[in-house]
Amino acid sequence: MNKITFGYEKSTSFSKTSTYTNKYYLQSYNTVYRGNENLKNELFHNISLRYSKYSCYKGIRLYLTARYIKKTEGIVENVEYSGVNQQLSPILVDDPESRWTVLGSVKKKIHDINFGVLLSYNNLKYLQQLNTVNQTNKNNTFSYTVNAKTLIDNFPTIEVGFKQNTGNYTLSEDKTEFITSEPYFNIDYEFLKGFIFSFDYSSYTYINKSFNQKNNYKLANASLFYKKDSSAWSFEIEVQNVFDVEFKNKHSFNSYIISDTKTFILPRIIMLSIAYNL
């Protein structure tokens, strides 16, 4: 069964109340926000194309969607810096933003194994005022996932896959490129009578090409659970952060900041749980 859907709409939207209130708000220790009572509603065009295909006989599912959004009138933030302090105020401008988004997925079942591919692409271009000077910012991201998962009776459920995400950001005159890669492995196995073993593993590689920075770390968790059908008692031994990883990196992007964040992780934990269901 094949299906194609095309859509178009011209829409309007209003921002939150504080955007239209001519008052000062303290957003953080060094950021002040002031609304603008002269703003109007935003106008934008939304064009979408969807395609789907499903074949029970061939065991295949295909889905693809593409969307284009163009703002003809929109609200952007004017950012004024004074040392480390900044003041934000919204203004209404023409043609402030355009965005392309493409999403796709393919799933195919061969015997007792499910294979899948997921794709995502996003292209964003928008205006911003920095100290009353108009600037064009760009955000391009592409990610994909390839995986395979077993569905066999009386056999462990095993999933093996690979993820990769690429981000290219242009903010004012600064350009930054990030790449993250993550092969992963998950297993769930119910054996004997009442035992369930679970294990998940991923090897995470983080690259910041702009600063020649590269980090690699491995994350894993494991657990063994037991509960007899006729018993109210259950027992579980669990190990979190098997390889005792200290931190992980990630990147983020907003209207005026490209962030490279380090998140610290709790050290290895070994926990025994005993539960009784009343």
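N154 is exposed in this predicted model, with a relative accessible area of 80%, a value that lies over the 50% from which a residue is called exposed. The residue is found in the loop between strand 8 (133-150) and strand 9 (157-171), and although N154 is not a glycine, its phi is positive, at about 55°. The two strands on either side of that loop form a hairpin with 6 residues between them, and N154 is the residue of this hairpin that takes the positive phi near 55°. Strand 8 and strand 9 pair in the antiparallel sense over 12 bridges, and within this pairing F142 has T166 in strand 9 as its bridge partner.

On its other side, strand 8 can be followed to strand 7. Strand 7 and strand 8 pair in the antiparallel sense over 18 bridges, with F115 matched to A148 in strand 8 as one of the bridge pairs. These two strands also form a hairpin, here with 2 residues between them, and N131 in the turn has a positive phi of about 55°.

A further positive phi is found at H111, a residue other than glycine, where the angle is near 60°. H111 is found in the loop between strand 6 (85-110) and strand 7 (113-130), and at 70% relative accessibility H111 counts as exposed.

The second region to consider involves strands 12, 13 and 16. Strand 12 (residues 213-227) and strand 13 (residues 233-240) run antiparallel and are joined by 6 bridges, and together they form a hairpin with 5 residues between them. Within this pair, S223 has E238 of strand 13 as its bridge partner. Strand 13 is in turn joined to strand 16 by 8 bridges, again with the two strands running antiparallel, and in this second pairing F235 stands opposite I274 in strand 16. The two hairpins that involve strand 8, and the pairings of strand 13, are set out together below.

| Strand pair | Sense | Bridges | A bridge pair |
|---|---|---|---|
| strand 7 and strand 8 | antiparallel | 18 bridges | F115 and A148 |
| strand 8 and strand 9 | antiparallel | 12 bridges | F142 and T166 |
| strand 12 and strand 13 | antiparallel | 6 bridges | S223 and E238 |
| strand 13 and strand 16 | antiparallel | 8 bridges | F235 and I274 |

I270 is found in strand 16 (residues 269-276), the strand that pairs with strand 13. Leaving out residues up to four places away in sequence, I270 touches E238 and V239, and of these E238 is also the bridge partner of S223. Even with these contacts, I270 is exposed, with a relative accessible area of 61%. The C-alpha atoms of I270 and N122, which are 148 residues apart along the chain, are separated by 41 Å.

Y25 is found in strand 2 (residues 24-28) and is partly exposed, with a relative accessible area of 32%, a value that falls between the 20% limit for buried and the 50% limit for exposed. When neighbours within four places in sequence are set aside, Y25 is in contact with S18, T31, V32 and Y33. The C-alpha atom of Y25 is separated by 8.5 Å from that of G35, a residue 10 positions away along the chain.

For the chain as a whole, the count of secondary structure elements is 0 helices and 16 strands. The radius of gyration is 25 Å, well over the 19 Å that the globule rule gives for 278 residues, so the chain is more spread out than a compact globule. Taken along the principal axes, the box filled by the C-alpha atoms is roughly 70 × 50 × 45 Å. Among contacts with a separation of 6 or more, 53% are between residues 24 or more positions apart.

Buried residues make up 29% of the 278 residues. The accessible surface of the chain comes to about 17900 Å², and carbon and sulfur atoms account for 55% of this area. As for charge, the chain has 32 positive and 25 negative charges, and the mean positions of these two groups are 6 Å apart.

Key. Residues numbered from 1 in each chain as written. Predicted model: local features only at pLDDT ≥ 70, side-chain atom pairs only at ≥ 80, totals over all residues. Heavy atoms only, no water. Helix = DSSP H or I, 4+ residues; strand = E, 2+ residues; numbered from the N terminus. Rg over C-alpha atoms; globule rule 2.2 N^0.38 Å. Buried < 20%, exposed > 50% of the residue type's maximum accessible area, 1.4 Å probe, protein only. Contact = heavy atoms within 4.5 Å. Areas by Shrake-Rupley, 256 points an atom, 1.4 Å probe, with all protein chains shown as cover. Lys, Arg positive; Asp, Glu negative; His and termini not counted. Charge placed at Lys NZ, Arg CZ, Asp CG, Glu CD. Pairing = 2+ DSSP bridges.
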